[in-house]
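I have a fresh page and a protein to look through. I'll jot things down as I go.

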Amino acid sequence: MAASPTNPYSEAGVDTAAGDLAVELMKSSVRATHGPEVLGGVGGFAGLFDASALRDFRRPLLATSTDGVGTKVAIAQAIDKHDTIGQDLVGMVVDDIVVVGAKPLFMTDYIACGKVVPERIADIVRGIAQACSATGTALVGGETAEHPGLLGPRDYDVAGAATGVVEADAILGADRVQDGDAVIAVASSGLHSNGYSLVRHIVTRAGIGYGDNAADFGTTWGEALLEPTRLYTLPLLRLIEQLGASAGTGGVHALSHVTGGGIAANLARVLPQGSWAEVDRNSWSPSPVFRVLSDIAGSTLESAEGTWNLGIGFLAVVAADKKDAAIAALNAEGMPSWQVGTVGFGPRPTGEFEQGAKGVDGGAVRLVGAYADGAK
């Protein structure tokens, strides 16, 4: 009897059958993000999205963003919990689009791994799909690639890209910002997805295991550090609509997603040259996770301001006469918000400011005062 033929690809460490099973396990989650605009279903070479609705725009501009989750995935891998990383990915990608006032349309994802474990891949994609549904974004395609020899059997990384649309005369940005505008902070849910190399360094140096009990949080360390990124998309889009945005008359002038670089650098990116703002630390108390990690490291919260969001996930620059309405609207959406500063165009105070970031020569921002002791 002849021997069954071997599969050279399988011998090289790539399991195509596992990849097919992963697709089957994720299909229902992905389909749940599809409206009538999505054509072709799951599994095609390209995702199809019906853009006919863009004909109703006067001048539609497409906005696009791409990002990953960073080394936060190492913690998910360490405790074998993969159902929240997908939300982190959507938060990092889709909420960047909202910064210009764009409504997200669709997203694709990419997962590279050392070994396809169908249930693990399905958990990741399920998290992506659920977050896409929560932000009104269709998940129209993706790819899972097995890279044996490059990544270990438990290793993976995730990335994604999204596309949205905004009317040309409704784009938010530095050109709308005016003297006296209020800077409104919107609370983060925790660390989000930035600064995890520092987090992991602190935890490792302290001899803490991710499975160890974290008394300050009532969970294990791994679970506490995997708190998913808050999704701001729909509340911010509703705020823009409520306060108006067309033809420069809207109350929301600029938005900033507080990701890598921290509060000052990301706010400076959306302020015009010649403007400045001081962010009052005393207006809020950073979440316990930031205080606990800083205490363990023997460092100050101020020393991490260029790395962590320290409790602010988004910043909105709004017209002075709209600030109370903006805060009330965001709080009603379950997005704790408060004023942290005011934009100035005149001579700025003496002292050191951060000016622009990531290639943008924008305004100048610095944090002042001391952090509040209790929650505000």
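Here are my notes, from the whole chain down to single residues.

**Entry 1: the whole thing**

Note to self before anything else: this is a predicted model. I looked up the secondary structure and got 11 helices and 15 strands. The protein has 376 residues, and 49% of them are buried. I then looked at contacts between residues with a separation of 6 or more, and 83% of those join residues 24 or more positions apart. For the surface, I got about 16500 Å² exposed, with 52% of it supplied by carbon and sulfur atoms.

**Entry 2: an open sheet**

In what order do the four strands of the open sheet sit? I read it as β3-β6-β4-β5, with mixed pairing. β3 (60-68) and β5 (138-146) are at the edges with a single partner strand each, so one side of each has no neighbour in the sheet. I also checked the turn between neighbouring strands here, and it averages 15° with direction ignored.

Next I zoomed in on one pairing. β3 runs antiparallel to β6 (residues 156-167), and nine bridges join the two. I picked out D67, and its bridge partner in β6 is G160.

Then I looked for a helix lying across these strands. Helix α5 (residues 118-134) lies across β4 (103-113), β5 and β6, and runs at about 170° to β4.

**Entry 3: a threonine in a loop**

I stopped at T84, which sits in the loop between α3 (72-79) and α4 (85-98). Is T84 buried or exposed? Its relative accessible area is 13%, and the cut-off for buried is under 20%, so T84 counts as buried. Leaving out residues up to four places away in sequence, I found T84 touching L226 and P228.

**Entry 4: helix α6, face by face**

α6 covers residues 196-205, and I listed its buried residues: Y196, V199, I202 and V203. Looking down the axis of α6, I saw these buried residues fall within an arc of 120°, so they line one face of the helix. The other side of α6 has T204 and R205, which are exposed.

What do the buried residues of α6 pack against? I found α3, α7 (221-225) and α10 (288-297). After α6 comes G207, and I noted its positive phi, near 75°.

**Entry 5: rings**

I looked up aromatic pairs and there are seven in the structure. I started with W276 and F353: their ring centres are 6.5 Å apart and their planes are at 80°, so this pair is edge-to-face. W276 is in strand β11 (residues 276-280), and F353 is in the loop between β13 (337-344) and β14 (354-357), so the pair ties together parts 77 residues apart in sequence. Both W276 and F353 are buried.

My next pair was F290 and W308. Their ring centres are 6.0 Å apart with the planes at 45°, so I wrote this one down as tilted. F290 belongs to helix α10 and W308 to the loop between α10 and β12 (312-318), so to speak two distant parts of the chain, 18 residues apart. I checked burial as well: F290 has 0% relative accessibility and counts as buried, and W308 counts as buried too, at 2%.

I also came across an aromatic cluster made of W284, W338 and Y371.

**Entry 6: around β11**

Since W276 is in β11, I went back to see what this strand pairs with. β11 and β13 run antiparallel and are joined by two bridges. In that pairing, W276 has G344 of β13 as its bridge partner. β11 also pairs with β15, this time in the parallel sense, over five bridges. There I found D280 opposite V368 of β15.

**Entry 7: a glycine in β15**

My last stop was G362, which is in β15 (residues 360-368). How much relative accessible area does G362 have? I got 2%, so G362 is buried. I then looked up its distance to R269: the two are 93 residues apart in sequence, and their C-alpha atoms are 5.2 Å apart in space.

Definitions and conventions:
Residues are numbered from 1 along each chain as its sequence is written. This is a predicted model: local features need pLDDT of at least 70, side-chain atom pairs count only at pLDDT 80 or more; totals for chains, interfaces and linings use all residues. Side-chain values use heavy atoms; hydrogens and water are left out. Buried means under 20% relative accessible area, exposed over 50%, partly exposed in between (1.4 Å probe, protein chains only). Contact means heavy atoms within 4.5 Å. Accessible areas come from the Shrake-Rupley method with a 1.4 Å probe; for residues, only the protein chains shown count as cover. Two strands pair if DSSP finds at least two bridges between them. Axes are lines fitted to C-alpha atoms, for helices over the stretch in contact, and angles run from 0 to 180 degrees between N-to-C directions. The arc is that of the directions from the helix axis to the C-beta atoms. Rings of Phe, Tyr and Trp (its six-membered ring) pair if their centres lie within 6.5 Å; planes under 30 degrees apart count as stacked, over 60 as edge-to-face and the rest as tilted.
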